[in-house]
Amino acid sequence: MNSITHPSHKILIVEDDADIAKNLSLLLSGEGYGVTLADTQKSALDRLASDPFDLVLLDISLPDGNGYTLCTAAKRQRGAPVIFLTASDDEISVVTGLDLGADDYIIKPFRPMELLSRIKSVLRRNGKSESVFETAGLKIDSVHATVSKNGAPLFLSALEYRLLLVFANNHGIVLSREKLLSEIWDIAGEFVNDNTLTVYIKRLRDKIEEVPQSPTLIKTVRGLGYRFGA
């Protein structure tokens, strides 16, 4: 059983398409997020003025304005990270959104698991990721940077710890080797290639798995990558 102990992250969804808003709300609520909906620029500005949010999912085209104004407001009023969720994929729209401070930009239609992964990545980059993760006797405390197995401390290298955090923040999601390499590259400070990744996954399995030769936490998904979770 996986458990995450943290106050529920609050996400504001600004989307005027009722069906998309409903589906997003169901998806995110099912993942344990607190969801608030707004379907106009005015209602979203009212929400931002009165409530703190950990992240804003924002459509660009709204009945009474555009999402660019809301992006600026979200950053100014609350410092909340923003992900644009829109059907507009032209270069000018993308660049404008990013220049205004948007943290990511996702084109409709989108894949639910990819959206969840990007939300977790943005929350993590903004210091809002889960503080404690527990599964199958493994406990990761990202606030104190400690890891234990069945109550006994585990000693990981910096790269092993970073790799474990990437897995924990994407538990249940299949991660390709390319994705794992991109996630640990910024932290490593040294060249990390495909062979190095194989070595570190083996080292990590040796430390966190009950039987490293038959892993139950870091599972290989043939032809796709790895999935973390008991």
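Here are legends for a few close-up views of this predicted model.

**View 1. Isoleucine 13 and its surroundings.**
Look for isoleucine 13 in strand β2, which covers residues 10–14. Its relative accessibility comes out at just 1%, so isoleucine 13 counts as buried. Setting aside neighbours within four places in sequence, its contacts are Leu24, Ser25, Leu28, Val35, Thr36, Leu37, Ala38 and Leu57. Alanine 44 is worth finding here too: 31 residues separate it from isoleucine 13 in sequence, yet their C-alpha atoms sit 8.6 Å apart.

**View 2. The largest nonpolar core.**
This core has 27 residues, and the members touching the most others are Ile140, Leu163, Phe167, Leu180 and Phe228. Elements chipping in two or more residues are β10 (138–141), α6 (158–169), α7 (177–188), α8 (194–208) and β15 (225–228). Helix α6 gives the largest share, with eight residues.

**View 3. Up close with phenylalanine 228.**
Leave out residues up to four places away in sequence, and phenylalanine 228 still touches Phe133, Thr135, Leu138, Leu164, Phe167, Ala168, His171, Gly172, Ile208, Leu217 and Ile218.

**View 4. A second core.**
Separate from the core around phenylalanine 228, this one has 20 residues, among them Leu12, Tyr68, Cys71 and Ala74.

**View 5. The start of the chain.**
Go easy on residues 1–7, where pLDDT stays under 50. The model does give this stretch 19 contacts beyond four places in sequence. For the chain as a whole, pLDDT averages 84, and 88% of the residues score at least 70.

Technical notes
Residues are numbered from 1 along each chain as its sequence is written. This is a predicted model: local features need pLDDT of at least 70, side-chain atom pairs count only at pLDDT 80 or more; totals for chains, interfaces and linings use all residues. Side-chain values use heavy atoms; hydrogens and water are left out. Helices (H or I, at least four residues) and strands (E, at least two) are DSSP runs, numbered from the N terminus. Buried means under 20% relative accessible area, exposed over 50%, partly exposed in between (1.4 Å probe, protein chains only). Contact means heavy atoms within 4.5 Å. A nonpolar core is a set of buried Ala, Val, Leu, Ile, Met, Phe, Trp, Tyr and Cys residues joined through side-chain atoms within 4.5 Å. pLDDT is the predictor's confidence in each residue, from 0 to 100.
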